[in-house]
Amino acid sequence: AGFPSSDDGESPFSVDSEGLQRQIDELASFSDSPAPSVTRVLYSDKDGQARRHIKGIMNQLGLSVREDAVGNIFGRWVGSEAGLGAVATGSHVDAIPFSGKYDGVVGVLGALEAISTLKRSGFQPKRSLEVIMFTSEEPTRFGISCLGSRLMAGIEELAQSLINVVDNQNVSFLEAASSAGYKMHPEDLHSVFLKKDSYSAFIELHIEQGPILEKEGIPIGIVTAIAAPASIKVEFEGNGGHAGAVLMPARNDAGLAAAELALAVEKHVLDSGSIDTVGTVGILQLHPGAINSIPSKSHIEIDVRDIDEKRRNDVIEKVRQSAAEISKKRGVVLSEFQIINQDPPAQSDKSVIDAMEFAVKQLNLEYKLMISRAYHDSLFMARLSFSFLSPSHQLIRPIMSSFCRISPMGYSHKPEEYASPEDMANGVKVLALAMAKLSLE
Ligand code: GLV
Ligand code: MN
Ligand code: MN
Ligand code: MN
């Protein structure tokens, strides 16, 4: 068939799983928090070190390396029919504060190992194969998740809003990018947009980030859909004042308004009646942040997700109503209620699921079809498919995206995150074989 196979059921691939583990450990050392935790925030020095490291590996593998205006990094193995849409894979290496060393990283270093494995096996791609390291999948610094892949998908409003966005130190996106070596004019952001037919398929290898595969003893998950994420930023303002001198009836405490809204989020999520609806208040900041000062300002950020977009949107609407009611009841000003993103879910394309099922069967691995409750850059790469009809975020048409998972301890976004070398090697093999198959289609 042109791609590596064997008749005896033996794996046709030799993945260097020790080498991959070494790479993962090395990348984890580029961190702004002590091991075993990893903190690697967009355009920080550590992020820059990780970027140089990834480009170095791409060069060693003989890939043709390109970097776009915001630092998405592409390593391409040019196929014999270079004019055809490429088969792409990839993920991110930025890490939220005090997280682990596998989230995203397995999908970048593992993808590079998949390419290396295919090269060692003598495979010759027809469609080019490409590994992408996406800029800022995590929303840590500017509050925008999947920044690189959103831009690639050509979201015009994002290109506009990035010009004005600042981090919590008041550093603008353009300044931060510039100090990391990505000097650009606002209009250069458009150069990141990709044409719809750039890729024929996209697959992302990622750790599960949940407990299902481990519990069921299954090494590989094939993702059929990604849940719909949304995030909201809310601010309340009150008069503040002295914690001793201002009596309770005279207060309008912005902190208590935020606390009440956080509980309302939980209530609305639980009232949805579905176990698939989840909501989190992961950021709650009070100003001035002194024990003896009534909070005069509060800032909270709310993450709401569901596999059902309408049910997720209903929760957002109820949260909006609660914010207004709380502001009225407590005499505080609702100075901001901003929906930062309200994305539709994505469905994996059958052709990609088929390629992955082919791969796991060829490798004699057990697998499970599952949905991803975490979001990934795949959510936006899916929009690059020709069949995505509407940029309005309403009409969702599937796609060319899907990824396989490797078994974790169920922990993610914390230092205890773990994937075994064997599971990662299986993930790499599935990825390599699925990409090889898609490359020849
Ligand atoms: C991304 O890391 C997410 O929160 O799913
Ligand atoms: Mn993450
Ligand atoms: Mn991730
Ligand atoms: Mn994610």
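**Figure 1. Open four-stranded sheet of the predicted model.** In this predicted model, 4 strands form an open sheet in the order E12-E14-E10-E15, and their pairing is antiparallel. Strand E12 (278-287) and strand E15 (333-342) are the edge strands, each of which pairs on one side only. From one strand to the next, the twist averages 15 degrees.

**Figure 2. Pairing of strands E12 and E14.** The close-up shows E12 beside strand E14 (residues 297-306), with which E12 pairs in the antiparallel sense over 9 bridges. One residue pair may be singled out: Val 278 has Arg 305, in E14, as its bridge partner. Val 278 also opens the range of edge strand E12 (278-287).

**Figure 3. The span annotated in UniProt.** Residues 230-328 are covered by the annotation "domain: Peptidase M20 dimerisation", which comes from an unreviewed UniProt entry. In the model, helix accounts for 38% of this span and strand for 32%. The C-alpha atoms at the two ends of residues 230-328 are 25 Å apart.

**Figure 4. The whole chain as context for the close-ups.** The chain contains 12 helices and 19 strands. Its C-alpha atoms fill a box of roughly 80 × 45 × 45 Å along the principal axes. The radius of gyration is 23 Å, which agrees with the value near 22 Å expected for a compact globule because the chain has 441 residues. Buried residues constitute 48% of the 441 residues. Of the contacts between residues at least 6 apart in sequence, 78% join residues at least 24 apart.

Note on methods
Residues are numbered from 1 along each chain as its sequence is written. Chains are lettered from A and ligands numbered from 1 in the order in which they are written. This is a predicted model: local features need pLDDT of at least 70, side-chain atom pairs count only at pLDDT 80 or more; totals for chains, interfaces and linings use all residues. Two strands pair if DSSP finds at least two bridges between them. Axes are lines fitted to C-alpha atoms, for helices over the stretch in contact, and angles run from 0 to 180 degrees between N-to-C directions. UniProt positions are given in the numbering used here, feature names are shortened, and annotations may be inferred rather than shown by experiment. The radius of gyration is taken over C-alpha atoms; the globule rule is 2.2 Å times the number of residues to the power 0.38. A residue is buried if 20 or more other C-beta atoms lie within 10 Å of its own, exposed if 12 or fewer, and partly exposed in between; C-beta atoms are placed from the backbone. Two residues are in contact if their C-beta atoms, placed from the backbone, lie within 7 Å.
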